[in-house]
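Okay, can everyone see the screen? Let me put the model up, and then I'll talk you through it.

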Amino acid sequence: MESSEGDGPDASSLGPVSSLRARFESANRPDEAAPASQALAQPSRAPSRPISPAPKPAKLKNFKPAHDVPVSAPTTPTVPSRPKPKLGIASSTRQQVDAAATAPHESNLSKDPTYNPKPPAVTIQPPQSPPKGRVWSHRPEETPTFLNPDAVTGTITPGGSPQHSVSPRRPTTPTSAVPAPRSPRGSRPPSPPPPRRSGEIKREPKQAPPPPAPRREKASGSDTHSNGVGFGLFTPKKEKISTETSPFNSPPGSPEADGPESPPQLPTRPRPQAIPDPPLRPRSAMGKSFEPPPVHHAVQKKRDRASETNGTGGQAQYGQWASGDLRPGSLPKHHGYEPPQRPVSMQIPSAPPRPPRASPPEPEPVVRSAPGKRVSSNPSPQQLHVPPTRTHGRSMTVDSRPTDRLAIEAHPAPNTAVTAPKAANQNAPMAAPKNENLVPVVEYPDCSSTNRRPPFGKKTASEIQTRYEPRVFDVCGELVCTSGQLTRLWSVVDGDLRMSLAHTEGVKATSVAFKPSLYPQSEASDIWVGTNTGEVLEVDLATHTIVPSKGSIHQRREVTRIYRHHNEMWTLDELGTLHVWGPKEDGLPDVTGNPSQSYKMPKEHTFSMVVGSKLWHATGKEIRVFAPTLDGHTQFQVLMRPMIAEGAGDVTSGTLVKTQPGKVFFGHADGKVSIFSTKDYSCIGILSVSTWKMNALAGVGHRIWIGYNTGKICVYDISETPWTILKEWQAHLGPVISMKCDPAGAYRLDRLQVASLGADNKLKFWDGMLEDDWIEDEMKSKDTEYCDFDELRALVFTWNAGASTPSSLRYSANDGVFFPELLQSSKSPDILIFGFQELVDLEDKAATAKRFLKVKKKEGTDQETMSHQYRDWKNYLVKTLDDYMPADDLYQVLHTAPLVGLFLCVFVKASLRGRIRNVHGAEVKRGMGGLHGNKGAVAVRFQIDDSSLCFVNCHLAAGQTQTNARNSDVAEILESGLFPTEKDSDVRIDTYAGGGDGSLVVDHELCVLNGDLNYRIHNMSRDTVVMAVKQNNLGKLLERDQLLVARRRNPTFKLRAFEELPITFAPTYKYDVGTDRYDTSEKRRSPAWCDRLLFRGRGRVQQLDYRRHEVYVSDHRPVTGDFRFWVKKVRRKDRAVVWQQSQQSFETVRQKAIADEK
């Protein structure tokens, strides 16, 4: 290769890089004429300026070079210009020099007789890009000084001025594979890169090299550091050191291991080496790597002193660099050089700290230059940094990340390097405690004392027909505002329309609230209306005008809720944006300006309410708590995770109860109520209240009002668990949309009022004090003061006769004496009630069809209209009473009622007949969809003195799986208006119960229901039931009894209002006729307690016994029960006195309740 004269800085020619390197190597040989292999075999002394070799590509390591390349001139070869690579060298051993001497394109300058032993100094510009596939493999303290441009700044060469080599800022991209390097020029074939030099190199006369220094020795002395030599010491067989020396001990080159100075070894091209085990190597698991950038000796001294202070050496720092944990930002930066940045793709996958928001206190810095131990590439939880807690006060948004992430923010792992400041934890979101031991209350509220009278408001309109479809409303004293397509203002007192505003096309109101006032007496002067276009309007009720506002403050998003909080207004839209409107100069909020604060909350809002100064926000089953303020200086999100009532449905409503401080009640779509604490946000309880969907809750005094999707409203006494249903009435024909207790009613109307809006577009007002109920209960609690009571005894008999007749009893061996013995043992009761089922053969389809299609004859006397089966049984009972009852106790027939197999016959003593009045009978057909009487009920009601009695004989739907049909039959029987309505309010209070008017069965004070109810034993085979009966294991069977299960688990089951004595006898169904064997026919029906007696009396009824009898002419066994009734007679004068006292007592209670509300 020819080179031109004068290309070098000393007027010498520049040859190829490989020739230049060979020439420098030959300068250290003791004999100029010796072969290169012999010269390299001897220990050589490193020149005063060590030379950096170029890394050898993988493709060229086994390439055999040509040794016949002539040298054109004994001058310094010219180095071809190449792009400047990044600085970086690779360590090697002394034995690798042989491979470096045989590299391609390497010249034989050492063999040239014209070789000048004193080579001139040359200046080599560092290459621009490093060979691809190389990574750093040196520790920072082992970086040669010739890679540091500052080390040779003061060196002056004969042929040139000092030059500074600046490494470009380019990221190091280490890879596991080492691909062949490409030539920077596209037209040239691949060739090894030139040797890297960081400055001008001055050649020194060759001297005999000393022997290699031991591994743990290091050149020391101030002169070494002053002239820049000593940081580039290379030690052979480095891989052995890594296995013998722990990275946690003082490594070679540390201040503790200083030894005698040894000359540096000549660096050579590296050879591929085996990767040692990860625990023993201080290098990265990626294999070869780029060398770390050089550092100034002054900086290195400071690092050494810091390492000594911290008890660690350079090996720990090296291990940190090799593992990738040492960040470039921790290296010192000096003039003329900036370290390369680690690519983002090669960062250690650790959890970076979150950026601070506003001005959180800075955590203490962590010294990374010399950690106590090597950091692994997969950091443990102790190495993860805890993100700084938000301490700017209030984060204006809700953290939408998973809740597990929030737990990391607020609860740092133990032994972490960075600890969150204590001040940050004061406002940090807290975690709601888990209620693992919480047991939901599955028992439904007691409905035995339910009052069904609607509590219409006092001195107000009972209802307002809005004449359009409003879906939101708000009430304030004597005014109520409904909104939807129209916004209308109504008078609560007389129901008159006071104002009507029509919205533009496509705009409808979606929320409304009365604006707060400085004084309670001046309330209801303005209203705020939120629309589906994001506007918040303020309407002046005095002038019926709209106050100018800033337009769509919610950016055309539907405003779903408007809240009042003291003298603030909060508006929430469908995407979760919450605006807080603070008071202006006049102390009241307005819509003319911008909101004081804005926050971001979760969308998909299902319910929310203001609790104290916080906003409880529900989305589905999740409940979150937020603390919006005007200044935004406190944490907005109170809880890290949402609260969930386990086992309950979506949250649909909620309320507070003043007598239950520290508790928040939420209604759910599945009829459950959950209770949460406002102190620690724990779930206190979950109650099963109903199976209907709850649409609205309202806390009124010490009670909770619940509006259901069925249109009913129930009032609950929550003082005890399970709750008690005080009232239940049909408030609306459609679902209850909303219900509110008016907080201003105590100030403006001097009473508590509750308003409800239904899907029937009616607005109704209710008495929150329940005055009528309170007085009625007070009167009944004092009835002994104005009533005289008389005790009566009654015998109730029920039997499914199976189409048997009185004659069949006479000719039966054991059954003929049944009725005489029954009456003789009854002890002459005052009332006898006989209930029969299936007096006709209902299984005879031809006869049954004939009765269904038979034209009803003209009404006549009982004797004419009653069929012969009923007439036979009536005559048989009358004759038996005459024959077997005492002569002094004469009985009269009070009432008989037949219905296709059903037959009810009531006898009373002749001495009692004069006290009985208002006798009425009724029937309910439930067969074939309610058209026919093969299934149903017959009932009779009457009054004895001032007490009402009702007796019902039933035959419900048959079949093992027809439980729901039987429940429906019961509901129809008990909820149907069977009897005439009582008009006199005083008679209602004195004679009937539960606010009833006497039209329903449950309105009567004393009630007994008997019959073949057909409830079976659920999910149990016939053989199992029969075996349990033989073993007298009745408790096992009663657990599966369908009637008892429905009373426990079905809150809408109407027989829950009745009582039943515990069953102690065997199932009464189904027997083979004439035997005591359970059914052995082809159907093999399972035994069950189909024949039952239930009663209801509010303490005025007592059942003395409950037993079955053995009669074989039917497949059922008859059941009887002895009862004791207490009937009363009112003394009118005494009653008036008690009534006056009750009125005064209520007034005292009302004034106290109004004072508590104020």
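I'll start with the whole chain, then go through a sheet, some aromatic pairs and a helix.

First off, please keep in mind that this is a predicted model. The chain has 1158 residues, and 54% of them count as buried. For secondary structure, we get 22 helices and 41 strands. There's plenty of long-range contact too: take the contacts between residues at least 6 apart in sequence, and 68% of those join residues at least 24 apart.

Now, the sheet. What is the strand order in the open sheet of six strands? Reading across, it goes S33-S34-S32-S31-S41-S40, and the pairing is mixed. At the edges you have S33, residues 891–899, and S40, residues 1101–1108, each pairing on one side only. From one strand to the next, the twist averages 15 degrees. If you zoom in on the S40 edge, S40 and S41 run antiparallel and are joined by seven bridges. One partnership to look for there is Val1101 with Phe1125 of S41.

Rotate a bit and you'll find helix H16, residues 868–884. H16 lies across S31, S32, S33 and S34, and runs at about 25 degrees to S34.

On to the aromatics, where the structure holds 37 pairs. Take Phe665 and Trp723: the ring centres are 6.4 Å apart and the planes sit at 55 degrees, so we call that pair tilted. These two come from distant parts of the chain, 58 residues apart, with Phe665 in strand S21 and Trp723 in the loop between S26 and S27. Both Phe665 and Trp723 are buried.

A second pair is Phe797 with Phe818. Here the centres are 6.2 Å apart with the planes at 40 degrees, so this one is tilted as well. Phe797 sits in S31 and Phe818 in helix H13, 21 residues apart, and again both are buried. That pair belongs to a cluster linked by ring pairs, whose members include Trp799, Phe834, Tyr870, Trp873 and Phe907.

While we're in H13, have a look at Leu823, which is found in that helix. Is Leu823 buried or exposed? Its relative accessibility is 2%, so it counts as buried. Leaving out residues up to four places away in sequence, Leu823 touches Leu832, Phe834, Thr880, Leu881 and Met885. Its C-alpha is 9.3 Å from that of Leu795, which is 28 residues away along the chain.

Two arginines deserve a quick mention. The charged end of Arg1117 sits over the ring of Tyr1071, 3.9 Å from the ring centre. Arg966 has its charged end over the ring of Tyr1015, at 5.4 Å from the centre.

Last stop is helix H22, residues 1132–1157. Why do we say its length agrees with what we'd expect? Well, at 1.5 Å a residue, its 26 residues should span 38 Å, and the end C-alpha atoms are 37 Å apart, so the two agree. Its buried residues are Arg1135, Val1138, Ser1142, Phe1146, Arg1150, Ala1153, Ile1154 and Glu1157. And what do those buried residues pack against? They pack against helices H10, H11 and H18, plus strand S41. That brings us back to the sheet, as S41 is one of its six strands.

Okay, that's my tour, over to you.

Notes
Residues are numbered from 1 along each chain as its sequence is written. This is a predicted model: local features need pLDDT of at least 70, side-chain atom pairs count only at pLDDT 80 or more; totals for chains, interfaces and linings use all residues. Side-chain values use heavy atoms; hydrogens and water are left out. Helices (H or I, at least four residues) and strands (E, at least two) are DSSP runs, numbered from the N terminus. The expected span of a helix is 1.5 Å times one less than its number of residues. Buried means under 20% relative accessible area, exposed over 50%, partly exposed in between (1.4 Å probe, protein chains only). Contact means heavy atoms within 4.5 Å. Two strands pair if DSSP finds at least two bridges between them. Axes are lines fitted to C-alpha atoms, for helices over the stretch in contact, and angles run from 0 to 180 degrees between N-to-C directions. Rings of Phe, Tyr and Trp (its six-membered ring) pair if their centres lie within 6.5 Å; planes under 30 degrees apart count as stacked, over 60 as edge-to-face and the rest as tilted. A charge sits over a ring if NZ of Lys or CZ of Arg is within 6 Å of the ring centre and within 35 degrees of the ring normal.
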